[in-house]
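Please look over the structure shown here and ask what lies behind the labels given to its parts. The turns that follow take up those labels and set values against cut-offs.

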Amino acid sequence: MFNTWKPMWVVLLEDGIEFYKKKSDNSPKGMIPLKGSILTSPCQDFGKRMFVFKITTTKQQDHFFQAAFLEERDAWVRDIKKAIKCIEGGQKFARKSTRRSIRLPETIDLGALYLSMKDTEKGIKELNLEKDKKIFNHCFTGNCVIDWLVSNQSVRNRQEGLMIASSLLNEGYLQPAGDMSKSAVDGTAEHPFLDNADAFYYFPDSGFFCEENSSDDDVILKEEFRGVIIKQGCLLKQGHRRKNWKVRKFILREDPAYLHYYDPAGGEDPLGAIHLRGCVVTSVESNSDGRKSEEENLFEIITADEVHYFLQAATPKERTEWIKAIQVASRTGK
């Protein structure tokens, strides 16, 4: 009625979503039935709000939710879609990522296990894999993950490894790459992770990218993605032509120093790239005419070719962190 935004404790059930004023409340403030509902993500109804998704019920009532970050929104969207699909198919939905529902032992520390998997010497080896005339960079196969868990004595058998790998996937420590692994995540099977040589996965901060079979002309483009990711997150970016602002996901790499930006709704290919070698980056407090800027937390990147990019962070601290990280990359990266 008032179009106001309030923090709520939200619970996903088999057939609906309950929301509470706070976690300790015994009774919900309301309930949204999921049968016949339509989920829209990303939702662009609120230009200045990021990570919003919308649920439209059969009575044409719109309910809007905003997550704290991109991965959180995508996790909610994925599970709500599964719940709606289960209702349509007459199946029982249960989110598999909670310790109780999958009986994950309390002794299993997924965060520590993830760090072991990423160990450069004893962890899972990241490879460039080819399938369907595409090259998947910084990836590994599903059966390699299970092999590693068994050989590392993290699990007793492959079935237990499948449970642990599914937990890592649901909690965001692993990401699906390719149609087969993505379809399994979106499906209703007991385990969204596939113990398969054709199912590809990657670490979320590994620098993963996918490309068509390459030619010699693509070598320079590929070189942009060789750098190690040192920072990533969402910022507002001003367009060069229309001067309008849009949310973009930025990934900062060093050596070579590039800032790639993507559609936050998804997509493996960047919308653009900023070469940072020799650039100048500064905070912006006023417009070109000297008047104080109406936008807060702005900063500007001026490339060596004198192309100007204006970006906006959510907080002063975030702006400072981005400026410092870009300054380091511009000095050390080639």
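**Labels and the values behind them**

Q: Why is K22 called partly exposed?
A: K22 has a relative accessible area of 47%, and since partly exposed covers the range between 20% and 50%, K22 is therefore placed in that class. The model is a predicted one.

Q: What makes the pair D25 and K22 a salt bridge?
A: The side chains of D25 and K22 come to 3.1 Å, N to O, and the cut-off for a salt bridge is within 4 Å, so the pair qualifies. D25 has a relative accessibility of 22% and therefore counts as partly exposed. A search of the whole structure finds eight salt bridges.

Q: How do you know that R158 forms a salt bridge with D147?
A: The closest N and O atoms of R158 and D147 are 2.7 Å apart, which meets the requirement of lying within 4 Å. This pair links distant parts of the chain, with R158 in helix α5 and D147 in helix α4, eleven residues apart. R158 is partly exposed, with a relative accessible area of 35%, and D147 is also partly exposed, with a relative accessible area of 35%.

Q: What makes D195 part of one network with D147 and R158?
A: D195 forms a salt bridge with R158, their closest N and O atoms being 2.9 Å apart. D195 lies in the loop between α6 (179–186) and β10 (200–202) whereas R158 lies in helix α5, so the pair ties together parts that are 37 residues apart in sequence. D195, at 33% relative accessibility, counts as partly exposed. Salt bridges that share partners join D147, R158 and D195 into one network.

Q: Why is R248 said to have no salt bridge?
A: The nearest side chain of opposite charge to R248 is D263, at 4.6 Å, and a salt bridge has to lie within 4 Å, so the pair with D263 does not qualify. R248, whose place is in strand β13 (residues 245–254), is buried. Leaving aside residues up to four places away in sequence, R248 touches G233, C234, L235, K237, Y261, Y262, D263, P264 and L271.

Q: Why is α3 called roughly perpendicular to α5?
A: Helix α3 (residues 110–117) and helix α5 (residues 158–170) pack at an angle of about 95 degrees, with their axes 11 Å apart. Angles of 65 to 115 degrees count as roughly perpendicular, so α3 is given that label with respect to α5. The contact is made by L110, L113 and M117 of α3 and I164, S167 and L168 of α5, and these residues divide into five nonpolar, one polar and no charged.

Q: What makes α3 roughly perpendicular to α4?
A: The axes of α3 and helix α4 (residues 142–151) come within 12 Å and cross at roughly 105 degrees. The range for the label is 65 to 115 degrees, and α3 is therefore roughly perpendicular to α4. L113, S116 and M117 in α3 meet V145, W148 and L149 in α4, a contact whose residues divide into five nonpolar, one polar and no charged.

Q: How do you know that S283 is partly exposed?
A: S283 has a relative accessible area of 38%, and the class lies between 20% and 50%, so S283 is partly exposed. The place of S283 is in strand β16 (residues 280–284), and S283 touches L298, F299, R319 and I323, not counting residues up to four places away in sequence.

Note on methods:
Residues are numbered from 1 along each chain as its sequence is written. This is a predicted model: local features need pLDDT of at least 70, side-chain atom pairs count only at pLDDT 80 or more; totals for chains, interfaces and linings use all residues. Side-chain values use heavy atoms; hydrogens and water are left out. Axes are lines fitted to C-alpha atoms, for helices over the stretch in contact, and angles run from 0 to 180 degrees between N-to-C directions. Helices (H or I, at least four residues) and strands (E, at least two) are DSSP runs, numbered from the N terminus. Angles under 35 degrees count as roughly parallel, over 145 as roughly antiparallel, 65 to 115 as roughly perpendicular and the rest as oblique. Contact means heavy atoms within 4.5 Å. Ala, Val, Leu, Ile, Met, Phe, Trp, Tyr, Cys and Pro count as nonpolar, Asp, Glu, Lys and Arg as charged, and the others, Gly among them, as polar. Buried means under 20% relative accessible area, exposed over 50%, partly exposed in between (1.4 Å probe, protein chains only). Lys and Arg count as positive and Asp and Glu as negative; His and the chain ends are not counted.
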